[in-house]
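Biologist: Before we rely on any label in a description like this one, could we go through the reasons for the labels one by one?

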Amino acid sequence: MQYLTLNNGFKVPVVGMGANTFGKVNHDFYGVLDYDTKELIWAYENGYSLIDTAIVYRNETVIAKSIKDAHLNRTDVIVTSKIPTKELTLEDDAKIEKMIQSSIDIFGGYVDIYLIHHPSTHEINLRVWKALESHYLKGHFKAIGVSNFSKEQLDYIMKHANVKPMMNQIESNPANWQHELVSYCKAHEIVPVAWGPLDPVPNKDILTTIGNQYGKTWAQVLLRYQVQKGVIVIPKSHNKLRQFENINIFDFTLSLEDIRKIEE
């Protein structure tokens, strides 16, 4: 596994597991929780140590249970969770605190990485950010950041923050690379994290042809491309073999010509 170092020195694996449908009936995002941790245990067996969840996924407790079911120490797994901003107002400090404390309690007194899930107004973004800063300085988070933030929204946070965001989790795939935003984040020492890195993929034929050179799948090529560009990826799979393939991307390097074809 390779790691990227955040601007506070915390090291994060460059491949993690998206978990928004884990522990749910029929793997339905809106499905009832069944607390089945089998597929998460497969992920740990396959070498994953970064697991991405969120309050709105409703399965933080499933992730916490999976760590115990796998007989792992809490420190063996880097958990990312996220706080929603939907319907928050500037008078919702108590609600913000309640959500944050719930996540902290579920994961045994701390969450490794905690993000603002979606941007709201500048004022509400900052209000939530100040709460994250407070808990970070108390040691309840090892890193804090944002998700789905634009350059302008990041600028506002950085202008008013005491702690710079360490991550920005964004959509990044062949249908929406967001090269400009990725470059902006890297220039400001904010690590970009790609959610949905394997969907949609309109250039699958090109990726497959490139992969054939290395004995790799189109998905492995796509994930390797983003990792080489300095982006953390969090693909999701409930299939044990696919999980292994998605993390088995460190034994080849894409050429400049490969990269040109991928970006065409």
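**Values set against their cut-offs**

Modeller: Let me begin just after α3, where G108 takes a positive phi of about 80 degrees. Please keep in mind throughout that the model is a predicted one.

Biologist: Why does the span of helix α3 agree with its number of residues?

Modeller: Helix α3 runs over residues 93-106, which makes 14 residues, and at 1.5 Å a residue it should span 20 Å; the C-alpha atoms at its ends are 20 Å apart, so expectation and model agree. The expected value takes 1.5 Å times one less than the number of residues.

Biologist: Which residues of α3 are buried?

Modeller: They are I96, M99, I100, S103 and I104. Around the axis they cover an arc of only 135 degrees, and therefore they lie on the same side of α3. On the face turned away from that buried side, α3 carries the exposed residues A94, K98 and D105.

Biologist: What covers the buried residues of α3?

Modeller: The cover includes the helices α2 (60-69) and α4 (122-137), together with the strands β5 (78-83), β6 (111-116) and β7 (141-147). From the other partner's side, the buried residues of α2 are E60, V62, I63, A64, S66 and I67, and these pack against α1, β4, β5 and α3.

Biologist: How many aromatic pairs are there, if ring centres must lie within 6.5 Å?

Modeller: The count comes to five aromatic pairs. One of them joins F29 and Y57, whose ring centres are 5.8 Å apart and whose planes stand at 80 degrees; because the label edge-to-face asks for over 60 degrees, this pair receives it. The pair links distant parts of the chain, since F29 is in the loop between β3 (17-18) and α1 (38-45) while Y57 is in the loop between β4 (50-52) and α2, 28 residues apart. Ring pairs also link F29, Y30 and Y57 into a cluster.

Biologist: Is Y57 buried or exposed, and what is F29 called on the same scale?

Modeller: Y57 has 11% relative accessibility, and because buried means under 20%, Y57 counts as buried. F29, with a relative accessible area of 24%, lies above that limit but below the 50% needed for exposed, and therefore F29 is called partly exposed.

Biologist: Which charged end sits over the ring of F29?

Modeller: The charged end of K24 does, 4.4 Å from the ring centre. In another such case, the charged end of R74 sits over the ring of Y110, at 4.2 Å from its centre. Since the cut-off is 6 Å from the ring centre, together with a limit of 35 degrees from the ring normal, the distances 4.4 Å and 4.2 Å meet the first condition.

Biologist: Why is strand β8 said to be largely enclosed?

Modeller: Strand β8 covers residues 167-171, and four of its five residues are buried, so the rest of the structure largely encloses it. Two bridges join β7 to β8, and these strands run parallel; because a pairing requires at least two bridges, β7 and β8 qualify as paired. Opposite N168 in β8 stands V146.

Biologist: What makes Y35 and E189 worth a second look?

Modeller: Most residues other than glycine have a negative phi, and most peptide bonds are trans. Y35 has a positive phi of about 60 degrees although it is not a glycine, and E189 likewise has a positive phi of about 60 degrees without being a glycine. Y35 belongs to the loop between β3 and α1 and, at 37% relative accessibility, counts as partly exposed, whereas E189 lies in the loop between α6 (179-187) and β9 and, because its relative accessible area of 51% is over 50%, counts as exposed.

Biologist: Which peptide bond is cis?

Modeller: The bond from D199 to P200 is cis, its omega being near 0 degrees, and P200 is found in the loop between β9 (191-195) and α7 (204-214).

Note on methods:
Residues numbered from 1 in each chain as written. Predicted model: local features only at pLDDT ≥ 70, side-chain atom pairs only at ≥ 80, totals over all residues. Heavy atoms only, no water. Buried < 20%, exposed > 50% of the residue type's maximum accessible area, 1.4 Å probe, protein only. Arc of directions from axis to C-beta. Contact = heavy atoms within 4.5 Å. Phe/Tyr/Trp six-rings, centres within 6.5 Å; stacked < 30°, edge-to-face > 60°.
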